[in-house]
Every structure is written in C-alpha cells, then in structure tokens.
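Thank you all for making time this morning. I would like to take you through one structure, slowly, with the model on the screen.

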Amino acid sequence: MAGRWIRGVAFLLGALVGLVALILASYAGGVLLGTKLGVARNTGTEAGLPVDGPVTIARDARGVPHVRAGSVHDLLVAEGYAMASDRLFQMDTTRRYVDGRLAEILGQPLARVDQRMRRYGIRDLADRVYAHASPEERALLAAFADGVNAAAARQPLPPEYRALFVDFETWRPADSLAVGFATVLDLDDKPDDVVIRDMVRGVLGPAGTDALYPLTDPKYDVPTNGRPPGVIANLPALSGARPVVAAAPADGHAPIGSNGWVVGGNRTTVGKAVLANDPHLDINIPGIWYLFEGSAPGMHVAGAALAGTPGVTLGHNEHVAWGVTAGETAAMRVLRERARGDDELLERGAWVHARHRHEPITVRFGKTQDDDILESDRGVVIARDQAHGLAYVMDWRMRRNPVSPLAPFLALLRARSAADGVAAMRALPEPALNVLLVDDAGNAAYHFAGQVPLSPSWGRWADDGDAPEPAYLPYDRAPHVDPSRDALVVTGNNRADGDGSPRLAPYWPPPYRAYEAGRALRAAANAHGKLAPDAIAAEQRDATSPAEREFAQLVLASAVRAHASDDATLAPLLTALRAFDGTLVSDSAGATAVVALRREMLGTLAAEHLPAWLAPAYPGSSPGFEVVLRALRERPRGWVPHDDYDAFVLASLRDTQKQLGATVPAFGTYAAQPLEHPLAAFGFGTIWNGATLPGRGGSFAPAVQWNGHAQSFRAVWIAGDWDHGTIDVDAGESGEPGSPHYRDQSAAWVRFDRTPLPFSDAAVRAATVATLTLTR
C-alpha cells in the first residue's frame, strides 16, 4: 500500500534541508499536535451540503460513523463527508502515491517512488475506467466525492498540511478509482518479480526454476476448494553449490497475504453461517481500513472501506457477508523482447522505435525531472538487460481494456444471497482474489475471482516477445465451492485448486497458515462436529506454526549429528530452539531463533546459487521459507556444498548466533511492530506515531504480526445476526493525530478483544455518543 514507501526513504533525509526548515517552523507555529487547529466536528448541524434531505452521522464509542439517509446518493455523500473528516491527509497521500506525485510535497527522496508509479499511468487509467463505468457507478463515485470536498471545505485542516505548507486538492470522482488501484497493484503478482524469476531461470535453467519456485509444499498442501492435492514431485537436484564464506540474511520481505474461513449453518452451533477474515497488509498509522455502517432505502451495509473509496470493501449487507484473500496469480504478463540502441524493440519480427512518454516529476526544493518511459503497442518497458540486448515489457491488460475493479464490490452491496455474491464477482478484472461468502439462509461459498492468463509460464519467467496473448481462465472453471449449508472452506493464500487443475500461479504461497487453521478448526468442533462462533473467531489469534516446529526439529537433528553442542558459543541459540514448541508468542526466544535462522538459510542458499547482483532479490520473488524447509526435509543433491546438510546447518547456526548476540531476544521485542505515521521518516515520529505492537505469529501462523506486516483488521460476521458481528483494527478510526480515536483501539487489538459493529437501528441508537446532521 501507500505506506510501503515509508521504509525506503529515511536514508535520503539529508537532501531535505529546506523541508527540515519548514518542520522547525511548523513546530514554532504549534501545529504538530493537531490540537490548536482542532479535530473534526462530529456534533451539531452542517448546512449547505449536496444532499436531498437531512442525513445523520452518529458516532459510537470508537468514533465509527453510522449514517442514516433518505437515499443511496445521500448515504454516499455522508460517507465521503465522514471519511474525509477523519482521513483526509491519508486519502490525499494515497492519491499522490498512485499518481506518482509524492515528490511534489516530500522532495527528492520520493522521486524514485514517483518514477516507478508513473510507468503504470494510473491517473489516465482511472479517468478511462470512469468514462467506461456504468451510470450508477459514476453517480455513486460523484456523490462520495461531493461529500469529501464538502468536509475538506468545512472541517479543520489536518495538521500534516500545515506542517508541510501544502493544500488539499479537490477530490474528483475518478480519484477513488485511482486509490483503489493501489490495492490492485499491491495484490497483483509484481511484474518486477517476474523479471527476477526470468533472470534466475537464465542463470540456473529450467531445473533451477523448478527448484527455487516449487508449486507448494506437499506435506502441508490443502487446496482451498477441497480437491485432493495429487502427487507433487520432490525438489530437483541443482548443478552444485559453491562455498560461501558469508551471506547476508534474506531481507525477509513479508508476502502480501490474508486468512479467511467460512462455515455453513449446518456446521455451527447456532445454525447460522459464519465468516472470519483478517487481511494481512503493511501496517502503519492510520491503517488503510475505515470502519463504516450506513443505511438508506435499498442499501444497508457495514464493514471496512479502503480509505478513499465508497461503500464497504469487505463486510456485509442485510443478507450477505464477504471477505477475501489475495489470489497470488500473475495478472500482468511480462514479455522478453530483443532490444538495441536507445529505444528499438523487435516486435512481431520487425524492429520498431518505442514511443517516449515524458513524465515531468516535480520535486520540492529541487529541479523537475523528466521521466522518459518507453512504451510500445505491447506495453511499457520496465527493465533493460543491456549485456544480452533484452528489454522486459509489462503487458498490462487493464490499460488496453479499462474495466472498473470497484464495480463488483459495489454490486456486492446489493447482493441478497451467497449465489448473488458469486455472480457479482464474475466481473472482477483483477487482482485475483479468493472470495468467501456467507448468507442469512446459512449458506457458505467460495470462488476464485479475477482474470488469470492461461500462460505456459504462469509468471515463472517472462514470455517471449512474439508470444500471442493467451486465453484467460473462465470464471466457471475457476476453483470454487458452491453455496451450501454444509461447506467449510479455509484459505490462507495457499494453492486454490487440487489435482488436475492448471498451475495458475508462479508458485503458491506456503500452505502453512491454511493447514494450521483447518487443523485447529476441526479440533475445536464439539462432539457433534459443530463449531461455535467464538471458536471460529478464536482461530484468528492462533500463533502455532507446525511448519516452523518441523523446521526446528530438523535443525536440532542436524545439530546433534554435527556435534553443535561442542561449540559453547551456540548454547543460547540451541537452548532457544530446544524450548520452541511451535508457537510464535511474544515471550518466546525460540520463535526468534527459528525466524532468524530460516532467514539466514534462505539468504545463504540464494548466495550459493545466484550471482551477487541477483541473490538479494530472490527471496522477495519466491516462496522463501518453503524452499528452505523442503531442502532440509528432502535433501536434494547439489543444493549445499558437498551435499552435507549437517555442515550447512552448523554454519547457519554460527552465523545466526553472531547476528543475535549472546542473548536471544524474545520474539515480541525482536519482531516488534511500530505503527509509523507516513511522515515519521521526516521527523514527526515522536509526535504522530502510534503504538508499538509486539511481534507475534510470524508469517506462517494464522496470527501474523511481524516485519511490518500483520493482520490489518479482524472481522467475524454471523450471517443474519449482524449486531453480534465484530470487527477490530490495530490503531483507531481517525487519522487525525489530535483525535481521541487516533490510537484508542491498539490496547484492545493486542488483547485480541472482539468489538461489535452495531447494525440495526436499535443497536446504533444504543451505541451513539455523538450525532452530526447534514442538511441542504
């Protein structure tokens, strides 16, 4: 998400002398706390709004808005007004991020981010999608934009604007589509990762691709649609590892992921279907989700909206609840083309000059930069391999066929059954998603949605430049479980389909979270095989990782054979590993030992087989830990020097012990998660940062929380009993640092409390602590 740019800019702060001067001036002006300018008003009456009749915005104890309106138009105006009152700066910076315009306000450190985003052409794409949208979608987007602009004109300006001496620009209806593309780009398989995989294939050949990008881990494979996994081959041999004196540990970039499970009414103790969903995303303050509930004739919805977009992205209406996990397939094709000179490409047998798209990037306190982007009829050049005369071209179908990724979610707002929800998601262009649904008739359902190219490469390498555009996976052939009161479906971004299906993905993320969640849910069922809603919800706090428990056991077995205990310096690490029981809880030193060791091994394996310029990029383009675990379990030839896995483990133990020092820290400290404000790197962290969450769960237990990546909300919906549905976030509803609702939910989040989101009129009235009325 837009927050991802935060962590890459701190080292460039020396270039911001002028900005630092403004920061100091803003301190003198007393604007940083947000208190002197005030926070958004949420009581009284605001007149002159673009509504047809009076609209109320009630706030509950968490500051969540509950809207009651006389029309859907007015509902969307009020949602835009409430969201902008709480999240205006966040919405604006996300818009600037996707537009490639952050350097305009933050200077040179963000110019590189802007260059990367300009190649996608999101502003132009959003305008074209808006032009092709249905009249209803355009009307909803326009109403929402009217509400945003009304709040921007009436409410106090967020303190970040004063600190940076910038103004808010009018919100256009197409801007919500642009903001939505931030999620599309975050959840799609990255075209840059396809380039890395293609380069790995160039170094190691097809066997290297099969080895370093396996389909899944067969020991834990649990296809989402319930089909049998079939036989998956062991890892192939490699040509041989070269000795490596020392290698940097893998950067451990956490993959985008999520958890979700649905249980049909016949399998619950209350006879109602239940959905649990916790998307895993980069975490910052404010979080990307905005909680909302609203009602108007013809629409009543509740849940979480992506800040800057209308409706609710994930949540429920009066009849249906829905959640998603990322589908992890390659939606953007990457073509490998012959190239020569500055701009010539060999396309369809003829040399052609690529077009130069000049993108001026305005840099605050610096010169405007000319970003010269090469593009052809096939796509945008994203990388050049000058040594081999090659260019990598991103062929993004969306740019040729602009279809709204928001439209299916707007259709979900009116779905009356799980079957209706399945039908609505048929129109999803991308990203690929695992969609989970439940309805008030007790049905639970699952469908893989999004257009997936049926390419022989599946994103494992770049397609040849002359390759024709492939066919796309028909929706009816996509992995799915039909609506049923007997369904139980678990997804953790793992392999979606079983034996006999197309590959669909370059690799499926390791199945470890889905395996554990399915195991734990089966174990939690009562004597009649039924699950209580509380048991279904409790799985979201599960910090157990069977795969990492197996990893520790394999390591300790090798350590015994290698006489590692003879090395007294390894005692702290070995003691921690022996104490590890498979749970990555905050007070566990064993969890730290396991995570640090697997990262070290992954970095070493990459360095042993790939050149120095390529090895650091491999972990983020791969299934990572799964490769290490399977290598230790299967011991394929040629992977480690002299095929001596015990010596490999011993060397990794020594390197990891050096990194950790004499004392292995508890995982809560080692993997602590500070909720950073987007401007923290520019000197505002002490004032505007949120809580620091303890590390917990790692990447492969259901309760993910580490490495800047975590559950971004936790929701549990009981279909038909909506007032008892719960949703929680890690910081607060407001994005304004001076608001009492900026950080107020963090303590409950750490405790895994569950907080109802009132839905019925009676529940909303009982929960209301403040009311604002909007009138014409």
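I will begin with how the model is read, then turn to a sheet, a histidine, a helix and the cores.

Please keep in mind that this is a predicted model, in which local features need pLDDT of at least 70 and side-chain atom pairs count only at pLDDT 80 or more, while totals for chains, interfaces and linings use all residues. Residues are numbered from 1 along each chain as its sequence is written, and side-chain values use heavy atoms, with hydrogens and water left out.

Let us start with the open sheet, whose 11 strands follow the order β1-β28-β2-β3-β6-β7-β8-β9-β17-β18-β20 with mixed pairing; strands here are DSSP runs of E of at least two residues, helices are runs of H or I of at least four, and both are numbered from the N terminus. Two strands count as paired if DSSP finds at least two bridges between them. At the edges stand β1 (44–46) and β20 (480–484), and because each has a single partner strand, one side of each is left without a neighbour in the sheet. Further in, β3 (residues 65–68) and β6 (residues 289–296) run parallel and are joined by three bridges, and Arg68 is placed opposite Ser295 in β6.

Now, is His300, which belongs to strand β7, buried or exposed? His300 has a relative accessible area of 8%, so it is buried, the term meaning under 20% relative accessible area, against over 50% for exposed and in between for partly exposed, with a 1.4 Å probe and protein chains only. The His300 side chain makes a polar contact with that of Glu293 at 2.6 Å, such a contact being a pair of N or O atoms within 3.5 Å, where, within protein, one must be able to donate a hydrogen and the other to accept it, and residues adjacent in sequence count only if both atoms are side-chain atoms. A polar atom of the same His300 side chain also lies 3.2 Å from the backbone oxygen of Phe759.

Turning to helix α19 (residues 645–660), we find 16 residues, and among its buried residues are Phe648, Leu650 and Leu653. At its N-terminal end Asp644 acts as a cap, with a side-chain oxygen 3.3 Å from the backbone nitrogen of Asp646, and just after the helix Gly661 takes a positive phi of about 90°.

Leu653 brings us, finally, to the largest nonpolar core, which has 211 residues and counts Leu653, with Trp396, Phe551, Leu577 and Trp639, among those with the most contacts inside it; a nonpolar core is a set of buried Ala, Val, Leu, Ile, Met, Phe, Trp, Tyr and Cys residues joined through side-chain atoms within 4.5 Å.

Technical notes:
The expected span of a helix is 1.5 Å times one less than its number of residues.
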